[in-house]
Amino acid sequence: MFIERFSLPTRVALLGTLGMSAWLIAFSRIIMQAGDDWNTDDYLITGLGLLNGFLMLVNTAGQLRTMLRDNMKWFTNNADILSWVSLLGSYGAVLWIQRIWQPGTLDLFLLSFMLVIHSIHTIRFSLPVSIVVLLTPAVLYGIQAGGETGFYLAVFIANQKLVLWGLGMGVLRELLEADKLKLANARLELAQARLADASRQEERRKIRQDLHDKMGHELAAMNMNLQILEHRIPELKTHKERATLEQTKEACQRLFATLGDVVGELRRQTNRHFYDQLMQMLDRVPGLDVSLNCNCELNITDDVVGDNLLCCIQEGITNILKHSNARHAWVDIFYDDN
């Protein structure tokens with residue numbers, strides 16, 4: 001539980017540091033056993049030890065490069081040539097060192113670190129393949145050591161390799177979960193933008209409808225009543241009264257015309273709002289540079305069509321985030337035959 005307090009990058013760095021430290025401990029014993037008078041075997045053992053460390057770095061760099069290239073996604077690949085070459089070369093180097101050196105019990109345990117540190121790289125393979133790749137070097141190392149010591153060495157190495165492999169799988173799972181969480185957050189932000197825009201659009205639509213259906217009808221009825229009243233006024237009424245009635249009727253007509261302009265403007269704003277909705281939605285897409293080719297004066301007269309178009313674009317961007325490693329996307333909107 002203590003290690004969970006560290007961030008994920010810190011844990012990755014910690015595993016890498018522990019691996020290099022274990023390799024340095026084993027390699028220091030290789031250097032020390034040579035003493036002052038180096039012979040051909042000493043040079044060969046030292047070269048094999050360096051090869052083991054070099055292949056560990058190469059395999060680590062290759063797997064990190066794969067994750068970065070795939071946008072922090074991970075795919076099991078039993079045919080990864082780099083991993084196979086690095087692992088087989090590393091294990092072969094250690095077994096060769098053991099055969100030439102024939103170290104004592106303590107040095108056998110220290111040398112086994114060069115086998116254990118490569119265990120985390122087997123997360124590249126499927127579970128059955130990983131188990132075989134983990135246990136085979138331990139068994140061969142124990143057989144080569146021979147006797148009771150070899151048996152306990154094989155058990156010890158297998159146990160350590162499985163533990164390190166489990167830690168690697170845990171880190172990998174967290175990386176994958178972090179990627180899923182990133183995608184979920186992206187979809188949530190897009191959905192929130194859509195909901196906010198839909199709410200504003202619905203509010204404008206309701207205001208427009210209320211003005212048109214309620215106030216518009218009342219004004220129309222008032223204007224009609226004024227016209228009826230104008231025809232029913234006796235000719236004996238004063239000119240002042242007729243002028244007041246005429247002014248009231250004209251004011252009603254102006255108000256009715258103004259209401260029509262307001263409703264029309266609200267309708268045009270709602271239609272023009274499609275471009276603003278689209279821009280706000282695209283601005284919230286994380287980790288993806290979206291280029292929009294669309295006339296900012298785009299006029300979609302049907303609200304249903306505009307809403308469905310936004311939904312299609314949102315779903316397309318979500319699929320890009322979910323199923324590809326793209327870093328750039330293009331959205332082109334254009335008219336064709338009206």
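How many helices and how many strands make up the secondary structure of the chain? In this predicted model, the chain comes to nine helices and two strands. Followed along the sequence, these elements appear in the pattern α-α-α-α-α-α-α-α-β-α-β, with eight helices read before the first β and one more helix lying between the two strands.

Turning from the elements to the chain as a whole, 36% of its 338 residues count as buried. The accessible surface amounts to about 20200 Å², and carbon and sulfur atoms hold 61% of that area. Among contacts with a separation of 6 or more, 79% join residues that stand 24 or more positions apart.

The interior can be approached through its nonpolar cores. The largest of them has 31 residues, and those with the most contacts inside this core are Ile30, Ile97, Leu111, Met114 and Tyr141. At least two residues of this core come from each of helix H1 (8–34), helix H2 (40–69), helix H3 (81–101), helix H4 (105–111), helix H5 (113–116), helix H6 (127–145) and helix H7 (147–232), and H3 gives the most, with seven residues.

Tyr141 offers a way to look at this core from a single residue. Leaving aside residues up to four places away in sequence, Tyr141 touches Val94, Leu95, Gln98, Leu108, Leu111, Ser112, Leu115, Leu153 and Ile157; one of these, Leu111, is itself listed among the residues with the most contacts inside the largest core.

A second core, separate from the one just described, has 19 residues, including Leu190, Leu310, Ile317 and Val331.

Conventions
Residues are numbered from 1 along each chain as its sequence is written. This is a predicted model: local features need pLDDT of at least 70, side-chain atom pairs count only at pLDDT 80 or more; totals for chains, interfaces and linings use all residues. Side-chain values use heavy atoms; hydrogens and water are left out. Helices (H or I, at least four residues) and strands (E, at least two) are DSSP runs, numbered from the N terminus. Buried means under 20% relative accessible area, exposed over 50%, partly exposed in between (1.4 Å probe, protein chains only). Contact means heavy atoms within 4.5 Å. Accessible areas come from the Shrake-Rupley method with a 1.4 Å probe; for residues, only the protein chains shown count as cover. A nonpolar core is a set of buried Ala, Val, Leu, Ile, Met, Phe, Trp, Tyr and Cys residues joined through side-chain atoms within 4.5 Å.
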